[in-house]
Amino acid sequence: MSLTETYSSVRVGKNVSDRFPIRNDLKQGDALLPMLFNFALEYTIRRVQVNQDGLKLNGTHQLLTYADDVNILGGTIHSLKENAETLVAASRENGLEVSADKTKYMVMSRNQNAGRIHSERIDNSTFERVEKFKYLGTTLTNQNSIPEEIKSRLRSGNACYHSVQNLLSSGLLS
């Protein structure tokens, strides 16, 4: 998601200027960027009235968010699509834009034939279906395969160990 069609005004003392459009994005690394984005995203998510037929974690959660990553859960493709359409519409109302290039969906099911459609169309954007993706450093697969995640973590651990192996075996450490 990214901010679009944003406006600002300037306050000096008790005087406030007229609203003006922001034509330049905040620069990468700007200290305000994460905070402003999180305010807008939090406001959007709180306004979304998610379809109650979707999958729930702990009886309530259908949206999982961390920074600019949003996961929408649904018990069926239909409820997932409805929830995604609701979020996209609410996002647009608040000046946020869903990046179709970065948006993917995955069907997790024991049924090999579940969700055979390879792309979903939501609000003039096509979202690609994937068999696996990485979320918060963890690889999730459509079959909920743990061995692949274990191998990935072992590779990361080995790479870290080998990067400091000379330091660990040097005589400088006691």
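Q: How much surface does the protein chain expose, and what share of it do carbon and sulfur atoms supply?
A: In this predicted model, the exposed surface of the protein chain comes to about 13,100 Å², and 52% of that is supplied by carbon and sulfur atoms. As for the interior, 22% of the 174 residues of the protein chain count as buried.

Q: Which secondary structure elements does the protein chain contain?
A: The protein chain has three helices and 13 strands. Among its contacts with a separation of 6 or more, 47% are accounted for by residues 24 or more positions apart.

Q: How many residues does helix 2 have, and what span should they cover?
A: Helix 2 covers residues 77-93. Its 17 residues should span 24 Å at 1.5 Å a residue, and the end C-alpha atoms are indeed 24 Å apart, so the two values agree. After helix 2 comes Gly95, which has a positive phi near 80 degrees.

Q: Which residues of helix 2 are buried?
A: The general idea concerns the helical repeat. An α-helix has 3.6 residues a turn, so residues three or four places apart point the same way. In helix 2 the buried residues are Ser79, Leu80, Asn83, Ala84, Leu87, Val88, Ala90 and Ser91.

Q: What do the buried residues of helix 2 pack against?
A: Their partners are helix 1 (32-47), strand 6 (63-66), strand 7 (69-72), strand 8, strand 9 and strand 10. Helix 2 lies across strand 9 and strand 10, and its direction makes an angle of about 40 degrees with strand 10.

Q: In what order do the strands of the open sheet of three strands lie?
A: The general idea is one of pairing. Strands of a sheet pair through backbone hydrogen bonds, either parallel or antiparallel. Here the order is 9-11-10, and the pairing is mixed. Strand 9 (104-105) and strand 10 (119-122) are the edge strands, each pairing on one side only.

Q: In which sense do strand 9 and strand 11 pair, parallel or antiparallel?
A: Strand 9 and strand 11 (residues 125-129) pair in the parallel sense, over two bridges. Lys104 has Glu128 of strand 11 as its bridge partner.

Q: Where is Val98 found, and is Val98 buried or exposed?
A: Val98 is in the loop between strand 8 (96-97) and strand 9. Val98 counts as partly exposed, because its relative accessibility is 23%. Although Val98 and Ser125 are 27 residues apart in sequence, their C-alpha atoms are 9.2 Å apart in space.

Q: How many bridges pair strand 6 with strand 7?
A: Four bridges pair these two strands, in the antiparallel sense. Tyr66 has Asp69 of strand 7 as its bridge partner. The two strands form a hairpin with two residues between them, in which Ala67 takes a positive phi near 55 degrees.

Q: Is Asn71 in strand 7 buried or exposed?
A: Asn71 has a relative accessible area of 16% and is therefore buried. Leaving aside neighbours within four places in sequence, Asn71 is in contact with Gln62, Leu63, Leu64, Phe133 and Tyr135. From Asn71 to Tyr105 the C-alpha distance is 9.0 Å, with their positions 34 residues apart in sequence.

Q: How do strand 12 and strand 13 run, parallel or antiparallel?
A: Strand 12 (residues 132-135) and strand 13 run antiparallel and are joined by four bridges. One of the residues involved, Phe133, has Leu140 of strand 13 as its bridge partner. The two strands form a hairpin with two residues between them. Leu136, in the loop between these strands, has a positive phi of about 50 degrees although it is not a glycine.

Q: Which side chains of strand 13 point to the buried face?
A: The general idea is alternation. In a regular strand the side chains alternate between the two faces of the sheet. In strand 13, Thr139 and Thr141 point to one face and are buried, whereas Thr138 and Leu140 point to the other and are not.

Q: Why does Thr139 count as buried?
A: Thr139 counts as buried because its relative accessibility is 14%, which is under the 20% cut-off. Not counting residues up to four places away in sequence, Thr139 touches Lys132, Phe133, Lys134, Glu148, Glu149 and Ser152.

Q: Where is the kink in helix 3 centred?
A: The kink is centred on Ser163 and amounts to about 45 degrees. Helix 3 (residues 146-169) has 24 residues and reaches 33 Å from its first C-alpha to its last, close to the 34 Å expected.

Terms used:
Residues numbered from 1 in each chain as written. Predicted model: local features only at pLDDT ≥ 70, side-chain atom pairs only at ≥ 80, totals over all residues. Heavy atoms only, no water. Pairing = 2+ DSSP bridges. Contact = heavy atoms within 4.5 Å. Axes fitted to C-alpha atoms, helices over the stretch in contact; angles between N-to-C directions. Buried < 20%, exposed > 50% of the residue type's maximum accessible area, 1.4 Å probe, protein only. Areas by Shrake-Rupley, 256 points an atom, 1.4 Å probe, with all protein chains shown as cover. Expected span 1.5 Å × (residues − 1). Bend = angle between axes of the 7 residues up to and from the residue.
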